[in-house]
Amino acid sequence: MKSRGSTKTARLYPNPEGWSVEMGKEIGRESGVGSALGKVPAGMGVEVLAASGGVMLERFSLPNAPREELIAMAQLQLEKILPYAAEEFVFELNEVRRGEEQVEVVAVAMSHEALGASAGVVRQAGYGLRGVGLYAQQLVGEGDSERGLYVWRELGRAFLAIAEGGKLLWLEGLPQVEGEEEVESELAR
């Protein structure tokens, strides 16, 4: 994780077993968002990288159109397939490929409830929320290759992601199984 170098904003993000708080170069680890916030001085702004567990990715092929129209079309598609009403989720649209007639996109959606588990705690504690992102996107955005498979642990759960050009294409939380440590050590080789 690259440090922003600024001590005016703290960054909260999930780690393998809990939450990390980064202030400049100093990084602390805590069991939850609330305890991580306890390390942040009053008056400091906070950036949150939300946990991947509440994220849903959907890939669409849409008619070639300006970005505003693509966003509207994607929202209509998401409303049909997500278990939330339109006002209960937020999403970001990533363009994968643009052809003459179609645009391939990936919508990264998260319910307000899942987002509130981290960003909402920051607001309720009275900190200025300087930005919200997705931890998985941060990981794949730092990748060096055009395409990659990423495996990591976050909040006690293993995740797999496929990315292309620094954009998430697929994200899945792996079920916990017996001998998980052995599997992870094999994947790390």
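The points below concern a predicted model and cover its confidence, sheets, salt bridges, aromatic pairs and two single residues.

1. Confidence. The mean pLDDT of the protein chain is 86, and 87% of the residues reach at least 70. Residues 1-6 are a weak stretch, with pLDDT under 50 throughout. The model nevertheless gives residues 1-6 17 contacts beyond four places in sequence. Where pLDDT is low, the predicted coordinates should not be read in detail. The contacts of residues 1-6 are therefore best left out of any detailed reading, with pLDDT under 50 there.

2. The mixed sheet. An open sheet is built from 5 strands, ordered S3-S2-S1-S4-S8, with mixed pairing. Its edges are strand S3 (26-30) and strand S8 (129-134); each has a single partner strand, so one side of each has no neighbour in the sheet. From one strand to the next, the twist averages 20 degrees. Strand S4 (residues 45-50) and S8 run parallel and are joined by 5 bridges. Within this part of the sheet, Val48 stands opposite Val132 in S8.

3. The helix on the mixed sheet. Helix H3 (residues 112-124) lies across four named strands: strand S1 (9-14), S2, S4 and S8. Relative to S4, helix H3 runs at about 175 degrees. S4 is also the strand that runs parallel to S8.

4. The antiparallel sheet. Another open sheet has 3 strands in the order S9-S10-S11, and the pairing is antiparallel. Strand S9 (147-154) and strand S11 (167-173) are the edge strands, each pairing on one side only. The twist from one strand to the next averages 20 degrees. S9 and strand S10 (residues 157-164) run antiparallel and are joined by 8 bridges. Arg147 has Glu164 in S10 as its bridge partner.

5. Salt-bridge network. The count of salt bridges comes to 8. A network of salt bridges links Arg59, Arg97, Glu104, Arg147 and Glu164. Two members of that network, Arg147 and Glu164, are also bridge partners in the antiparallel sheet. Within the network, Glu104 forms a salt bridge with Arg97, where the closest N and O atoms are 3.9 Å apart. The cut-off is 4 Å, so a reviewer should note that the 3.9 Å separation of Glu104 and Arg97 falls within it. Glu104 counts as partly exposed at 23% relative accessibility, and Arg97 counts as partly exposed at 37%.

6. Other salt bridges. Glu95 and Arg98 form a salt bridge with the closest N and O atoms 3.0 Å apart. Glu95 is partly exposed, with a relative accessible area of 26%, and Arg98 is partly exposed at 40%. Glu30 forms a salt bridge with Lys39, the closest N and O atoms being separated by 3.4 Å. Glu30 is partly exposed at 22% relative accessibility, while Lys39 is partly exposed at 48%.

7. Aromatic pairs. There are 3 aromatic pairs in the structure. One of them joins Phe89 and Phe91; this pair is tilted, at 6.2 Å centre to centre and with 40 degrees between the planes. Phe89 is buried, with a relative accessible area of 6%, whereas Phe91 is partly exposed at 22%. The pair of Trp152 and Phe159 is stacked, at 5.8 Å centre to centre and with 20 degrees between the planes. Trp152 is buried, with a relative accessible area of 10%, and Phe159 is buried at 3% relative accessibility.

8. Glu22. This residue lies in strand S2 (residues 19-23), one of the strands that helix H3 lies across. Glu22 counts as buried because its relative accessibility is 4%, under the 20% cut-off. The C-alpha atoms of Glu22 and Glu47 are separated by 9.7 Å, with the two residues 25 apart along the chain.

9. Gln137. Helix H4 (residues 135-141) contains Gln137. Leaving aside neighbours within four places in sequence, Gln137 is in contact with Asn94, Gly166, Lys167 and Leu168. Strand S11 covers 167-173, so the contacts of Gln137 with Lys167 and Leu168 reach that edge strand, by the 4.5 Å heavy-atom limit. Val108 is 29 residues away from Gln137 along the chain, and their C-alpha atoms are separated by 9.7 Å.

Definitions and conventions:
Residues are numbered from 1 along each chain as its sequence is written. This is a predicted model: local features need pLDDT of at least 70, side-chain atom pairs count only at pLDDT 80 or more; totals for chains, interfaces and linings use all residues. Side-chain values use heavy atoms; hydrogens and water are left out. Two strands pair if DSSP finds at least two bridges between them. Axes are lines fitted to C-alpha atoms, for helices over the stretch in contact, and angles run from 0 to 180 degrees between N-to-C directions. A salt bridge is a side-chain nitrogen of Lys or Arg within 4 Å of a carboxyl oxygen of Asp or Glu. Buried means under 20% relative accessible area, exposed over 50%, partly exposed in between (1.4 Å probe, protein chains only). pLDDT is the predictor's confidence in each residue, from 0 to 100. Rings of Phe, Tyr and Trp (its six-membered ring) pair if their centres lie within 6.5 Å; planes under 30 degrees apart count as stacked, over 60 as edge-to-face and the rest as tilted.
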